Amino acid sequence: MSALHLHLTKSDCQCRFCNQPIAKGAEANRVKGGLVHPACLTRRQSLLSSAELAERLGVSPTVFLKLAAELGVAPEVYLPNPVFRSGADVPLWAPELAETLAAQPAIAAARERQCSRPPKPCST
Ligand SMILES: [Zn+2]
């Protein structure tokens with residue numbers, strides 16, 4: 001348990017992640033920029049990057065993003081680009097999507113296409 005970061009709020013404030021109020025005296029976790037519900041922090045930590053989710057599905061991140069758009073699946077949240085302030089926001093995906101999407105024929109087809117592709121010739 002991350003007791004170090006657990007606060008008891010001294011006044012009503014707003015969760016940085018879900019924008020719902022955190023009641024005075026309730027437990028909250030301090031993150032960069034403010035306080036969040038412990039449950040919201042746990043949820044945020046369980047979210048997957050595009051690369052992680054793509055790997056679970058067995059497709060490349062590029063293929064995954066294309067299929068997600070086609071299937072109308074949206075990221076749970078976008079985080080500001082950690083590298084470039086002006087860079088594109090980074091999408092984070094619900095971990096449940098790994099199972100939901102794995103059952104999609106489009107994903108299965110993409111995975112098979114990828115697997116049946118001959119291995120890349122060695123460049124050296
Ligand atoms: Zn919250």
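A nonpolar core is a set of buried Ala, Val, Leu, Ile, Met, Phe, Trp, Tyr and Cys residues joined through C-beta atoms within 7 Å. The model used in these exercises is predicted.

**Exercise 1.** Lay out the secondary structure of the protein chain.

*Solution.* Start with the totals: the chain has 5 helices and 8 strands. Then read from the N terminus: the order is β-β-β-β-β-α-β-α-α-β-β-α-α.

**Exercise 2.** List the residues of the largest nonpolar core, and find which helices supply at least two of them.

*Solution.* First, the members. The core has 11 residues: Leu48, Leu53, Ala54, Leu57, Val59, Phe64, Ala68, Trp93, Leu97, Leu101 and Ile107. Next, the helices. At least two core residues come from each of α2 (50-57), α3 (61-71) and α4 (97-102). Last, the largest share: α2 gives 3 residues. There is also a second, separate core of 6 residues, with Ile22, Ala28, Val36 and Leu41 among them.

**Exercise 3.** Work out why the buried residues of α2 lie on the same side of the helix.

*Solution.* Name them first: Leu53, Ala54 and Leu57 are buried in α2. They share a side of α2 because they cover an arc of only 100° around its axis. Just past the helix, Gly58 has a positive phi of about 80°.

**Exercise 4.** Find the contacts of Leu57 beyond its neighbours within four places in sequence.

*Solution.* Set those neighbours aside. Leu57 then touches Phe64, Ala98, Leu101, Ala102, Ile107 and Arg111, counting C-beta atoms within 7 Å. Now match this against the core: Phe64, Leu101 and Ile107 are core members too.

**Exercise 5.** State what share of the protein chain is buried.

*Solution.* The chain has 124 residues, and 16% of them are buried.

Conventions: Residues numbered from 1 in each chain as written. Predicted model: local features only at pLDDT ≥ 70, side-chain atom pairs only at ≥ 80, totals over all residues. Buried ≥ 20, exposed ≤ 12 C-beta atoms within 10 Å, placed from the backbone. Helix = DSSP H or I, 4+ residues; strand = E, 2+ residues; numbered from the N terminus. Contact = placed C-beta atoms within 7 Å. Arc of directions from axis to C-beta.
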